[in-house]
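Please examine the structure below with its sequence at hand. The paragraphs after it are meant to be read alongside the coordinates on screen.

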Amino acid sequence: MSSDAPRMRLEAADVGYTYPGQPPTRALDSLTVSIADNEFVALLGPVGCGKTTLLRIFAGFLTPTQGVVRCDGTSVDGPSWQRGYVLQESAIFPWMSVRENLEFGLLAKGMEAEPRRAVSDELLRLLGLSAFEAAYPKQLSSGMSKMVEVARVLATDPSMLLLDEPFGALDAQTRAKMQDELARLWEQRRKTVVFVTHDVEEALYLADRIVVLTARPGRVQQQFRVALPRPRPLETRFAPEFSALKRQVWEVIGASSSVYAGRT
Amino acid sequence: MSLVQRNRIKRALLSLGAIAVVYGIAAEIGRWVLPHRIWMDVHYIDNVELLPTYQSLAEELAFLIQSWILPSSILVSTGRILAGFLLGSVAGIVVGLATGRAARLEYVADPWTTLLRFTPALALLPLYVIWFGYGEASKILLIATSVAVVAMLGAHQAVRGVPQVYLDAARALGASPRLIFRKIVLPAAFPQIFASLRVALALAWVTIVVAELIDAKMPSLGYLLALAGAYPRVPQMLIGLATIGTLVFLSDMLALSLHAKVTRWMRRTG
C-alpha cells in the first residue's frame, strides 16, 4: 500500500463465521475487505449470504470464529458507540418521543440536557421533523422512523455508520425518497459508512464502492468503484454510466449465484 | 375517556338495564308464586323473599346506608384490598423483574413460581391464621400473596418478552446495563406488567370476601354476606353482591383508564 493511500478505518482480515447448531451453518468464509476513512461502501449480496453476520461482527455483537476485524488499528471486541449500528429490524424505541430517541445515545454518554437538546434540535431540523419532536414514533411513517434511527446514531458523532438494509422493508417509492434523504444527511455529515443491501440500484446510487459477496458462505466476489459525481440528483439513476455499471454488477451477480440466475 | 371505554360503559349499562327489567318482572310474579317459608338445616324459616322486589331492596339499601353498615363495610374492605394490593404488587414486581433479568435467579425461582401459580392462595388461609394470627395481618397478607404471584409471573414474562432489537440498539448506542434497565427494559415491560396487575386486582376482590370470613367482624363486605346468609336476608345478600360487583367493575375501569394514560406510545388497534 502506498503512503498516500487513504487511511483504513475498518479492516476484516480472513474473517469467517460459523453459527453453532446441528449442522453448524457456515455464514462467512475467509472474507477480507477494508473500508477507507469517509468512504461509503455498500455490501451487496443475495439474501442469506452473511451480510448481516458481517455487519454484526463489525458492530461487535458477534466475534468471528476465524480471522480478525480491526477498527482504527485495534481489534473489535464488543459494541461501541464509535461504530454506530442501525439494525435491520425497526429498533426505534416506541415509548420515547422522537426527540428522546435522538438523544438516547447522548444520555448514555452522560451529556447534560442542554447540549443534548442542541444536538437533537439540529437533527430534527435536518430531518425536517421539528414539528414531530414530542410525537411518539407510531405517528411517523416507517421510512421516517428509520431515518430517525439513523440520526439517533449520528447524534453521538460516531466514527462510522453500519447500516443493515435500512430501507429493505419499504415500498419502492418511499425507498427512493429515503435514499435521497440519507444521501443528503451524508453530504452534511461525512462519515465512513458500511451499507448492507441486496438492491443493486440502491447500492449504485448511494455508494462510492460496491463489494459483491458470494452466496453462503459469503466471501468477496468482486468490487466496483462507483465514480458517479456527488451530489447525485434523480437524473443519476437514468444516466448511461449508471446503467452501464448496473449491467456490470448484474453480470457478476448472475454468473455466480443461482439465486439471481436469469434476472439480468 | 376513550371511545373503547365509553362503548364498554354503554354496553354494560344496556345489559344491566335489560336484566334489571327482567328481574323486576320476575320478582313481582315471584311474590305470588314463590314460597315464603323454606326449610333450612333443622327448622323452617318464615317470611323469606327468594326474589326480593325492588321495594324491599330499596328499603334494605336505605337501612344499610342509614345505619352506616354498608359505607363502613365498603371503606374497611377497600382499605384491606389497597393494603394487600400495594404490598403484593410491589413484592411481586420486584421479584419478577429480578428473575426476568437474571438467568441464574430464574433457575432457582422457576419451580417455585410454577408451584405457587397453581396453588390457590386461599388454601394458605389456615396456615396464615396460625402464622400471623386471627386478625388483620392474615387477611392483608393473604390478599398480598394472591396479588404477588400474579404480579411476579407478569413481571417475569414481561421482562423476558422485551424484544432483543431494543436491547441491541441501546447497547450499540453505548448504554450501560443500568440505563438499559431503566430506559429500555422497564418501559418496554410496563404494559404487560400493568395488565397482570389488572388481573391481580380483580383476584384481590375474590380473595377478600373469603379472607373476611376469618375473624369475621363487622364492618366488612365479606361478613356482611355471611351474616345475610345466616339469617337469612336475601335483599341484604343481593345488595352485598351488587356492591362487590360494582367495586370490582369500578376498580377495573380505573386500572384500564390508567393503563391507557401511561401507554399512550403504544399502537392501538380498535
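The text that follows treats the contact between the chains, then the strands of chain A, and finally a residue in a loop of chain B.

The model is a predicted one. The two chains meet through 19 residues of chain B, which are in contact with 25 residues of chain A. Together, chain B and chain A bury about 2,100 Å² between them, and 73% of that area lies on carbon and sulfur atoms. Between the two chains there are 2 residue pairs in polar contact, both at pLDDT 80 or more, and the count of salt bridges is 1. Two elements of chain B, α7 (164-172) and α8 (177-211), give two or more residues to the side that touches chain A. Of these, α7(B) gives the most, with 7 residues. By residue type, this side of chain B divides into 13 nonpolar, 1 polar and 5 charged residues.

Which side chains meet in the salt bridge? They are those of A:R56 and B:D168, at 2.8 Å from N to O. The pair is also a polar contact between the side chain of B:D168 and the side chain of A:R56, at 2.8 Å. B:D168 belongs to helix α7 of chain B. With its neighbours within four places in sequence left aside, B:D168 is in contact with A:R56, A:F61 and A:L87. Is B:D168 buried or exposed? The relative accessibility of B:D168 is 5%, under the 20% limit, and it therefore counts as buried.

Attention now turns to chain A and its strand β9. Strand β9 of chain A covers residues 209-213, and 5 of its 5 residues are buried, so the strand is largely enclosed by the rest of the structure. In a regular strand the side chains alternate between the two faces of the sheet. In β9(A), A:R209, A:V211 and A:L213 point one way, while A:I210 and A:V212 point the other way.

The partners of this strand can be taken in turn. Strands of a sheet pair through backbone hydrogen bonds, either parallel or antiparallel. Strand β3 of chain A (residues 40-44) pairs with β9(A) in the parallel sense over 4 bridges, and A:L43 stands opposite A:V211. Strand β10 of chain A (residues 220-225) runs antiparallel to β9(A), joined to it by 5 bridges. In β10(A), A:Q223 is the bridge partner of A:V211. A hairpin of 6 residues links β9(A) to β10(A).

Chain A also holds an open sheet of 4 strands in the order β2-β1-β4-β5, with antiparallel pairing. The edges of this sheet are β2 (25-36) and β5 (74-75), each with a single partner strand, so one side of each is left without a neighbour in the sheet. At one of these edges, strand β4 of chain A (residues 66-71) pairs with β5(A) in the antiparallel sense over 2 bridges. There, A:R70 stands opposite A:S75 in β5(A).

The last site is in chain B. B:S220 lies in the loop between α8 and α9 (221-230) of chain B. Its relative accessible area is 1%, and B:S220 is buried. The side chain of B:S220 reaches the backbone nitrogen of B:Y223 at 3.2 Å. Leaving aside neighbours within four places in sequence, B:S220 is in contact with B:S73, B:S77, B:R80 and B:E212.

Methods. Residues numbered from 1 in each chain as written. Chains lettered and ligands numbered in written order. Predicted model: local features only at pLDDT ≥ 70, side-chain atom pairs only at ≥ 80, totals over all residues. Heavy atoms only, no water. Contact = heavy atoms within 4.5 Å. Buried area = accessible area lost by both parts, 1.4 Å probe. Salt bridge = Lys/Arg side-chain N within 4 Å of Asp/Glu carboxyl O. Polar contact = N/O pair within 3.5 Å; in protein donor to acceptor, adjacent residues only side chain to side chain. Nonpolar A, V, L, I, M, F, W, Y, C, P; charged D, E, K, R; others polar. Buried < 20%, exposed > 50% of the residue type's maximum accessible area, 1.4 Å probe, protein only. Pairing = 2+ DSSP bridges.
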